[in-house]
Amino acid sequence: MTYSQTRRPPRALIAMIAALHLAGIALLVAGAAQGTLLFGLGGLAYLLGLRHAFDIDHIAVIDNVSRKLIDDERSPAFVGFAFSAGHSTVVFLLCVLVVLTAGALAGRLEGIAALGSVIGTVASATFLSVMAAFNARLVWQLWQRYAGRSTSVDESRPGQGMLSRLVGRSTAWIDRGWKMYPLGFVFGLGFDTATEVALLGLSAGAAQHAGWPPWTIMALPLLFAAGMTSLDSINGWLMQRAYRWGADSRRRLGFNLAITALSVAVAGLVAAVEWTGLALDHLAPTSGPAEAIAHLPSAALGALILLSCLALWWWARRRGRAAALSG
């Protein structure tokens with residue numbers, strides 16, 4: 001294996017997350033003379049970042065890319081952080097524009113948001129569709145082994161048809177965790193989620209009414225990024241441990257198959273919802289289905305999926321220990 005088997009996150013990852021926290025807190029402390037309201041807004045921005053990390057597209061992307069890199073014997077340690085950092089960059093730049101224009105730009109973002117939403121949704125749906133197809137091959141391989149039809153992954157690979165080659169080539173560039181940064185940036189262009197809109201509103205309100213220096217208000221997007229990168233990184237780290245644990249022995253093959261199939265199903269479902277929502281938004285934006293898709297509880301679904309994966313891992317580990325003791 002070319003990746004590290006350590007159970008701890010890399011020190012560089014911890015250092016970068018800590019740096020975001022320290023930068024945001026430092027700006028809050030430096031702006032303490034402006035009053036305590038800024039501290040409250042900073043705490044709210046941090047909570048918005050934590051909440052945004054549970055969006056189901058974040059969970060689906062991080063889980064599927066982590067599974068892909070582990071299959072390639074690459075370290076997925078930075079997948080969650082890099083994706084979240086790219087996403088946060090868009091939010092940070094928008095907050096800079098809003099703050100520098102004293103909030104005047106906040107009311108004129110509708111056109112930009114509409115274009116960004118299309119770009120972000122197309123990128124998200126396309127990438128998740130491709131990753132679902134790629135990891136579906138892994139599910140087939142694992143099923144062949146689980147059913148006893150193959151003793152090695154190579155023997156159970158599906159035919160190298162045109163679709164298989166196309167999917168393989170389209171995902172070949174994802175061979176390092178840091179390469180998720182540009183993808184996260186593109187995903188972030190669809191800045192129409194409730195958390196991002198709320199953060200822009202906080203920044204605009206602070207710039208318009210409080211009269212605080214612009215550099216002080218930039219604590220808000222920094223703390224938003226600190227919260228989001230923290231949970232996305234934890235998600236990536238937990239999922240890589242779960243996938244690696246599942247690949248450690250044949251006895252854990254059933255767990256590996258189940259958790260990989262769950263990740264593929266989530267990616268495919270999110271992609272289908274995004275494609276459907278995009279089509280309905282342009283064909284029948286006021287229809288019932290379009291409204292229902294637009295108001296899906298993304299964060300709640302994301303948290304449910306993550307908790308389901310962790311519960312499955314916990315159950316498999318407990319069952320494995322019981323089998324080892326009884327054996």
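The largest cavity in this predicted model has a volume of about 30 Å³. Rolling a probe the size of a water molecule over the atoms shows where empty space is left. With a threshold of 30 Å³ or more, the count comes to one cavity.

The walls of the largest cavity can be followed residue by residue. Its lining is made up of Ile-59, Ala-60, Asp-63, Asn-64, Leu-262, Ser-263, Val-266, Ile-305 and Cys-309. Three helices, α3 (56-71), α11 and α13 (298-326), each contribute at least two residues to this lining. The greatest share comes from α3, which provides four residues. In chemical character, the lining of the largest cavity divides into six nonpolar residues, two polar residues and one charged residue.

Helix α11 also holds a residue worth a look in its own right. Thr-260 lies in this helix, which spans residues 253-283. Is Thr-260 buried or exposed? With a relative accessible area of 1%, Thr-260 falls under the 20% cut-off and therefore counts as buried.

The surroundings of Thr-260 can be described in similar detail. Neighbours within four places in sequence aside, Thr-260 is in contact with Arg-67, Asn-135, Leu-138, Val-139, Leu-142 and Tyr-243. With one of these residues, Arg-67, there is also a polar contact: the side chains of Thr-260 and Arg-67 meet at 2.9 Å.

Key. Residues are numbered from 1 along each chain as its sequence is written. This is a predicted model: local features need pLDDT of at least 70, side-chain atom pairs count only at pLDDT 80 or more; totals for chains, interfaces and linings use all residues. Side-chain values use heavy atoms; hydrogens and water are left out. Buried means under 20% relative accessible area, exposed over 50%, partly exposed in between (1.4 Å probe, protein chains only). A polar contact is a pair of N or O atoms within 3.5 Å; within protein, one must be able to donate a hydrogen and the other to accept it, and residues adjacent in sequence count only if both atoms are side-chain atoms. Contact means heavy atoms within 4.5 Å. On a 1 Å grid over the protein atoms alone, a cavity is a set of points where a 1.4 Å probe fits but cannot get out, and a pocket is an open set with protein on both sides within 12 Å along at least five of seven lines; lining residues have an atom within 4 Å of a point. Grid points are joined across faces, edges and corners, and a volume is the space filled by probe spheres set on the points. Ala, Val, Leu, Ile, Met, Phe, Trp, Tyr, Cys and Pro count as nonpolar, Asp, Glu, Lys and Arg as charged, and the others, Gly among them, as polar.
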